[in-house]
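Hi everyone, thanks for making time today. I'd like to walk you through one model, going from salt bridges to a helix, a strand and then the two chains together.

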There are 2 protein chains.
Amino acid sequence: MEYKTNPVGNEISCVFHNVSNEILNNHRLIKGSLIEALKKEGFTILDISSHEFSPQGFSFCALIAESHATIHTYPEYNSLAFHLYSCRSPNDGQIVLKHLKEKLKPERIKLATKKVIVDPNFKT
Amino acid sequence: MEYKTNPVGNEISCVFHNVSNEILNNHRLIKGSLIEALKKEGFTILDISSHEFSPQGFSFCALIAESHATIHTYPEYNSLAFHLYSCRSPNDGQIVLKHLKEKLKPERIKLATKKVIVDPNFKT
């Protein structure tokens, strides 16, 4: 086989806290911001799924050629969860995260990143 | 607002190593196994996206009412990455993981789980 994915990918798991209700209930803005952010970092969007919950809450999931990115909102806590996993490179996702912070304006964020090693022979 | 999500959800990030090529190239089995697993744990599937890469590799993403679950395969490394995030309860995903292990038969797995706190006032 000639094609090989990078042996190490990156995962971002993040909660945005103190996001305004105006932004959290603007599903078009959230969806548009994530799509813009993904394009800005050169990710290729293959498919998107979304769901508006009753009485509130919005989920958005983008399948990308480099893996996936998701947002789930929690207006009852003024928060949202953002996840991204990219198997393209071990530092991926920082441009997406920066763009989302600018657009969705959380007062603080709880961020965790993790390398994902898919090659069993890769030595860290 | 009366409806409130659980203040704490759970995230599973897992790589299955040494999965057989027969299984990794059986996209129907992988997709079916994750759907079965999600139903077994009582998750509600809202939408699914998938993509078959050339010359190899398969991505599958399920948007669920409780958040999302994904699988990305790497036949070149005999591995796959499985992610699940559920905002329903802080112990979610174990039944899904067990079912996937039974069906996809990795020789070993690299597993990380993490609580995701969406309520800024929740005390651990």
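**Salt bridges, a helix and two chains**

Let's start in helix α3 of chain B, residues 94-104, where you'll find both Lys98(B) and Glu102(B), four residues apart, or about one turn of the helix. Before going further, please keep in mind that this is a predicted model. As a reminder, an α-helix has 3.6 residues a turn, so residues three or four places apart point the same way. The side chains of Lys98(B) and Glu102(B) do meet, in a salt bridge with an N to O distance of 3.1 Å. Glu102(B) is partly exposed there, at a relative accessible area of 41%.

How many salt bridges does the structure hold over all chains? The count is eight. One of them joins Glu11(A) to Lys114(A), at 3.9 Å from N to O. Glu11(A) belongs to strand β1 of chain A and Lys114(A) to strand β6 of chain A, so this pair ties together parts that are 103 residues apart in sequence. With a cut-off of 4 Å for a salt bridge, that 3.9 Å pair is counted. As for accessibility, Glu11(A) is buried, at 6% relative accessible area, whereas Lys114(A) is partly exposed at 29%.

Staying in chain A, have a look at Arg88(A) and Asp92(A): they form a salt bridge too, and their closest N and O atoms are 2.9 Å apart. Here Asp92(A) is the buried partner, with a relative accessible area of 6%, and Arg88(A) counts as partly exposed at 31%. Which residues are linked with them in a network of salt bridges? Glu41(A) joins in, giving a network of Glu41(A), Arg88(A) and Asp92(A).

Over in chain B, Arg88(B) has an aromatic ring for company: its charged end sits over the ring of Phe43(B), 4.2 Å from the ring centre. If you were hoping for aromatic pairs, though, the count is zero over all chains.

Now to helix α3 in chain A, residues 94-104. Its buried residues are Val96(A), Leu97(A), His99(A), Leu100(A) and Leu104(A). These residues span an arc of only 165° around the axis, and that puts them on the same side of α3(A). What covers them? Several elements of chain A do, including β1 (8-17), α2 (27-40), β4 (67-74) and β6 (108-117). After the helix comes Lys105(A), which has a positive phi, near 50°.

Back to chain B for Val15(B), in strand β1, residues 8-17. Is Val15(B) buried or exposed? Val15(B) is buried, at 5% relative accessible area. Setting aside neighbours within four places in sequence, Val15(B) has contacts in both chains: among them are Val116(A), Ile117(A) and Val118(A), along with Leu80(B), Ala81(B) and Ile109(B). For a sense of scale, Val15(B) and Asn91(B) are 76 residues apart in sequence, and their C-alpha atoms are 19 Å apart in space.

Finally, the two chains together. Chain B superposes on chain A by a rotation of 180° with 0.0 Å of shift along the axis, at an RMSD of 0.0 Å. The two copies are thus related as by a two-fold rotation axis. In chain B, the C-alpha nearest that axis belongs to Ser49(B), at 3.7 Å from it. Both copies use the same surface, too, as 100% of the contact residues of chain B recur in chain A.

That's my tour, and I'm happy to take questions.

Notes: Residues numbered from 1 in each chain as written. Chains lettered and ligands numbered in written order. Predicted model: local features only at pLDDT ≥ 70, side-chain atom pairs only at ≥ 80, totals over all residues. Heavy atoms only, no water. Least-squares fit on C-alpha atoms with pLDDT ≥ 70 in both. Contact = heavy atoms within 4.5 Å. Phe/Tyr/Trp six-rings, centres within 6.5 Å; stacked < 30°, edge-to-face > 60°. Lys NZ or Arg CZ within 6 Å of the ring centre and 35° of its normal. Buried < 20%, exposed > 50% of the residue type's maximum accessible area, 1.4 Å probe, protein only. Arc of directions from axis to C-beta.
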